[in-house]
Amino acid sequence: MTVGAVSLNALDPTAVAGLDKETRNLIDRRSKVMSPLYRLFYQKPLRPARAFGTKIIDVYGDEYLDAYNNVPCVGHNHPRVVDAITRQLSLINTNTRYLQSDIVEYAEDLVSTHGPRLNNVVLTCTGSEANDLALRIARHVTGGTGVIVSRFAYHGNTRDVTTWSPASGTGVIGDEVRLVSPPDGFRTDANLAAAFVREVQTQIEDLQRNGIRLAALVVDSLFSSDGIFPDPDALTQAVAAVHRAGGVFVSDEVQSGFGRTGSAMWGYQRCGVDADIATMGKPMGNGMPIGGVIMKQTHAERLGAHVPYFNTFGGQNVPVAAAQAVLDVIRDEGLIANAALRGGQLVDGMRESLDRFGHCYHIRGAGLYIGVEFATDLHTKSPDPSTADAVVNGMRRRRVLISRCGPHANVLKIRPPLVFSHSDVDRYLTEFDAVVRDVRAARD
C-alpha cells in the first residue's frame, strides 16, 4: 500500500542563493559530507550555538523563543539535569548487565507514575527502538501479527516500524497494517468516539477476512503527526474493541507523555483508558538518548522466557540520571499544571488574533501541544499549506520557532518546553499577532 508523504518544513534548495555567504558555504560543506537523508528547517536555516530554558541563541548572538522542541521538555540545559549528568559521568556510565541501585530506583519511580497495571520496564536508546520492541512483545503475547495505526502516524524509523508508520516517508506500509482516520473535530460534527471505534472495528474485520489476527492498536493519543486531534474520548470504545479481538493497546507516549497534555503524566491516563504497553522516548532524558517500554509483568515474562533483550546503551547510568532529574523537575516545579495554564493562554491569544485578521482556521490542543489548521474556506475546508508555511517562516524571522504537521502540512505545530512562562506566552502572542496580520495583508 502506497501512502503519500509531505516533506515538512524543509529548506527549499532553490532559496539558498539568497542566503549570506557564510551560511551558503556551510550548507555546501554539509551537503558534501552529510547524507541527503537529512533535512534543514526553515527558508533561512537556524544556526544555534547555545540554549537555556525556552531560549536558543544563534551564532550571531540573536535570541530565539523555542515554541517547538519537546525533547528538552523541562527546558534546554536545565541546571538539575546538567548537574545530574555531570555527577554521574564523573562516576560510571555502563550498562544494565550490572546490578546498580540508581537504575533500579529510576525504574521503580517510572513505574509508579503509570500505576499498578504497568509494572515492568525495558530501557532503550530511542522511541523508535521502544516501538519496535513493543510490537514484538504484542505479537508474541497475542499470537497475532496485524497492527492498526492512524492514517498519518509516525512511530519511528527502524525497518519494521516504518512499515506501520505511514508518515515516515517510505511510501509503503505492510500488508498486515491497517489505517484509521484520526478523530477529526474540524471536518465532522459526528460523535468522534463512535466514528473512531467504527473505523477500528472495520479494520479488525478486514484483517480477519484476510486471515490476519490482530496484534495491536498503536496510537499516539494526540494523533500528533495526523494534525493534532486531542479528543480524550476517542480511544475508550476502540480499546475495548481491540481487546475483544484478542489484541493489545500500545500507547505511544513519546509526544503525549511526561505531562505535556496538562492533565496527566501520560496521554492514555488523560483519555481514561488503560494501556497494555506504553512506549517512551525523546523527552525522557531531556535530550539524552533514552527511551523505554513499560508493560504488564506477565507480558514481560512471556517474552523473556523465550527472547533475552539487551541494549548496550539502553539504560546506561548517565541517561538514567538525566531521566530521573526530568521526573523530579516535572513534579517539583509543577510543570503539568503549568502546561495546562500556558497552553490555555496560547490558545485564547492565538484565537483572538486569527479572528481579528479573518483567517480560516481550526485551533485545538491539550496543554502545551497545540495545532492550528489553516483551510482555504470553511465550506470545503480544503487544506491551506501555503498560509501555514508563511506563518512558520514569519515566526522564524521574528525569532520564534514553531513547525507544521499533518498530511498536507497545513497545521501549525506548537509544543514548547514545559517551562514556558507567562512572559514567553506574551512574547509568542505579540509576534504571532504581527505575523498573521502580515500574512493576511499579503493575501488581500
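Threonine 96 lies in the loop between helix H2 (79–89) and helix H3 (101–114). The model in which this loop is seen is a predicted one, and the points below take up the surroundings of threonine 96, three helix pairs and the cysteines. Two of the helix pairs involve helix H13 (residues 422–443), which packs against helix H11 (residues 335–356) and also against helix H12 (residues 385–397).

**Threonine 96 and its surroundings**

- Threonine 96 has a relative accessibility of 39% and therefore counts as partly exposed.
- The C-alpha atom of threonine 96 is separated by 6.8 Å from that of glutamine 316, although the two residues are 220 residues apart along the chain.
- When neighbours within four places in sequence are left aside, the contacts of threonine 96 are with Ile103, Phe310, Gly314 and Gly315.

**Helix H13 with helix H11**

- The axes of H11 and H13 are 10 Å apart, and the two helices pack at an angle of about 20 degrees, which means that H11 runs roughly parallel to H13.
- The crossing of H11 and H13 is right-handed, and on the H11 side the contact is made by Arg342, Gln345, Leu346, Gly349, Met350, Ser353, Leu354 and Arg356.
- On the H13 side, the residues that make this contact are His422, Val425, Tyr428, Leu429, Phe432, Asp433 and Val436.
- Sorted by class, the contact of H11 with H13 comprises 8 nonpolar, 4 polar and 3 charged residues.

**Helix H13 with helix H12**

- The axes of H12 and H13 come within 9 Å of each other and cross at roughly 135 degrees, so H12 is oblique to H13.
- This crossing of H12 and H13 is right-handed, and the residues of H12 that take part in the contact are Ser386, Thr387, Ala390, Val391, Gly394 and Met395.
- Their partners in H13 are Tyr428, Glu431, Phe432, Val435, Val436, Val439 and Arg443.
- The contact of H12 with H13 divides into 8 nonpolar, 3 polar and 2 charged residues.
- Tyr428, Phe432 and Val436 of H13 are among the residues that meet H12, and these residues are also listed in the contact of H13 with H11.

**Helix H6 with helix H7**

- Helix H6 (residues 192–209) and helix H7 (residues 234–244) have axes 7 Å apart and pack at an angle of about 20 degrees, which makes H6 roughly parallel to H7.
- The crossing of H6 and H7 is right-handed, with Ala193, Phe196, Val197, Val200, Gln201 and Ile204 forming the H6 side of the contact.
- From H7, the contact is made by Ala234, Leu235, Gln237, Ala238, Ala241, Val242 and Arg244.
- By class, the residues in the contact of H6 with H7 are 10 nonpolar, 2 polar and 1 charged.

**Cysteines**

- The count of disulfides comes to 0, where a disulfide would need a pair of cysteine sulfur atoms within 2.5 Å.
- The sulfur of cysteine 73 has its closest cysteine sulfur, that of cysteine 125, at 18 Å, which is too far for a bond.
- Cysteine 405 is likewise in no disulfide, and the nearest cysteine sulfur, which belongs to cysteine 360, is 17 Å away.
- Cysteine 73 is buried, with a relative accessible area of 2%, and cysteine 405 also counts as buried, at 2% relative accessibility.

Notes:
Residues numbered from 1 in each chain as written. Predicted model: local features only at pLDDT ≥ 70, side-chain atom pairs only at ≥ 80, totals over all residues. Heavy atoms only, no water. Axes fitted to C-alpha atoms, helices over the stretch in contact; angles between N-to-C directions. Helix = DSSP H or I, 4+ residues; strand = E, 2+ residues; numbered from the N terminus. Parallel < 35°, antiparallel > 145°, perpendicular 65-115°, else oblique. Left-handed = near helix turned anticlockwise from the far one by under 90°. Contact = heavy atoms within 4.5 Å. Nonpolar A, V, L, I, M, F, W, Y, C, P; charged D, E, K, R; others polar. Buried < 20%, exposed > 50% of the residue type's maximum accessible area, 1.4 Å probe, protein only.
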